[in-house]
Amino acid sequence: MIDRRAAEEFLNTAAQAVSELSFCEVKDRYVAVNGQLNPIASRATLPQDHDIRRLHGKDAVLPCEWPEWRYALFTECEGELNGCLVLSAPAAPEVPQLTQLRTVAGTTATTHATVSGGEPRDDATGQARGQDALHQHLLSLSSRLLELEEHDSIRDALDQGATRDLGESDTREALLAEVLSRLTGRPICVEDAFGKISAEAGTGLTRPYNKLGAKARTRTAQLWLASGSPVREPRRLVALAVSHSEVLGAICMMETDKPVTAANVFALKHAARLLEVELLHRRGLARLELRLGRDLVDELVSGMDGATAGVRTAALGYDISGPHHVIVAEWQPPGNDDTVVVALRRAFLELQLPSLVSRRSDMAIAVVRGNPVGAEVFSLIAKSLGSTTGSVGIGGPSLDIAQIPRSFSEALHALHIRNGSTDRYGVTSFDQLGIYRILDTAGNGQHLSEYVDEWLGALQRTDDSRGSDLLQTLAQYLDHGGNYDRTAESLAIHRSTLRYRLNSIRQVTGFDLTDPETRLNLHVATRAWRLRPHGAPSRVP
């Protein structure tokens, strides 16, 4: 064990060597006596004394008022704790300076111990080489220790900064970009999985960079997965948030006039890991919400008591009270995924209408609070899907939970009418069905079939035997109010062909198409005919 006098002598030698460095000065000294660190100078106890002892011999930055930098540098002799120097500087030194500081203090103490132990001062060549090797080893260890401390500091800054309250930041991505930009002193952009910028910090008013194409993004993903290191792209360094080879997002560090340091790269990689955790968490919540919402919508449209519905919807943060409408939508060609569900949800978000959205087979179903605007719903869905080959049915208002199944039935009826109409793509509201609201309803199927056969049976049989299209021609003619031009255009035929077909209709049926009552009955019958399975209108070429 080293006695106090020898320990003070070692410590003073190290302090003298460190004092010769220009970037810091020695503020205080502690000597180790029986494993206990005590100030060399006799003075009152300071809070700093507790900070020094709790470090247990590990070099570290001490708490102090910004911007001053205070550092505890411990010295050892013969493998035992010898003492501690408290250093001060106007600002934190660079990594090479800290390496130099530790090397000087460590080498000085080691050299002093050797001399005091009786070794000859005119050492042999082998001993000199041994000291050189020790010097290099200490230098390497000090550099690695500084690197690890710097990494710990970066991790702490990102972990604490990126998990605090959002404050003025809109999203967690924006907060992460802000913390990383402040930590590295560089502009930062966060991208979604499609390369669109979702957050940025430190970029100023100018656009940070042009969006890369799909091939360039694929190449970046391949390089990242192969190396696990940030990928250099034009004007930026990119780290990806990836789950099972699927890119969830990216963090981009912009180029500046300063070179990229190893610390910058480490900070970028750790930020990418934090982004990955955040995006996976968000995806998990979205999937859970989708599954719970799907189950809930199915139960609501099938019939659910009010108390249970209130509890279940409140758990999802949804208010089921007040008027609601049920909306159903299907698109061609049908798919097995949730693309229509997602498009329907986006439409209601843009319309600022709270909704619960689900999928049943090829059909998307939504329970919507408030009064949805039919035309806007369809156009927003079509825009999201990039296709207008779909149909939407809107049920009447349900004033309480018990009426939601009725609104669902009405939405299905409206959708069925839309699919059987001349223009099958678009939106139909049950409240706007007019005469269709009393057609094809429960209990009148037989009477309605007899009515259709009475007025259109002859034409139907003629079409079946000849392969003609007289019934569809009559339906279009009546739908267009007897206008020859619009009817011929809708059927894609010439006026003379239309005239020929109308004469054939008169001959087959014996009806006077100019008689108002006859026209009314024929029009109602053709509308009902469209609702029959055998009466689906043939597609116009």
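Helices α9 and α10 are oblique to each other, because their angle falls outside the ranges that count as roughly parallel, antiparallel or perpendicular. This is a predicted model, and the tour starts at that helix pair.

Select residues 339–350 for α9 and residues 374–385 for α10. The two helices pack at an angle of about 130 degrees, and their axes lie 9 Å apart. Their crossing is right-handed. To display the contact, show the side of α9 formed by Thr339, Val340, Ala343, Leu344, Arg346, Ala347, Phe348 and Glu350. From α10, add Val377, Leu380, Ile381, Ser384 and Leu385. Coloured by character, the residues of this contact divide into 9 nonpolar, 2 polar and 2 charged.

Next, turn to the sheet. Five strands form an open sheet in the order β7-β6-β10-β9-β8, and their pairing is antiparallel. Select 197–201 for β7 and 231–233 for β8: these are the edge strands, and each pairs on one side only. From one strand to the next, the twist averages 25 degrees.

At the β8 edge, add β9, residues 236–243. Strands β8 and β9 run antiparallel and are joined by 3 bridges. Which residue of β9 is the bridge partner of Val231? The partner is Val238.

Two helices complete the view. Select residues 172–184 for α5, which packs on the sheet and touches β6 (188–192), β7 and β10 (246–254). The direction of α5 makes about 35 degrees with that of β7. Finally, select residues 214–227 for α6, which lies across β8, β9 and β10. Helix α6 runs at about 75 degrees to β9.

Methods:
Residues are numbered from 1 along each chain as its sequence is written. This is a predicted model: local features need pLDDT of at least 70, side-chain atom pairs count only at pLDDT 80 or more; totals for chains, interfaces and linings use all residues. Side-chain values use heavy atoms; hydrogens and water are left out. Axes are lines fitted to C-alpha atoms, for helices over the stretch in contact, and angles run from 0 to 180 degrees between N-to-C directions. Helices (H or I, at least four residues) and strands (E, at least two) are DSSP runs, numbered from the N terminus. Angles under 35 degrees count as roughly parallel, over 145 as roughly antiparallel, 65 to 115 as roughly perpendicular and the rest as oblique. A crossing is left-handed if the near helix is turned anticlockwise from the far one by less than a right angle, and right-handed if clockwise. Contact means heavy atoms within 4.5 Å. Ala, Val, Leu, Ile, Met, Phe, Trp, Tyr, Cys and Pro count as nonpolar, Asp, Glu, Lys and Arg as charged, and the others, Gly among them, as polar. Two strands pair if DSSP finds at least two bridges between them.
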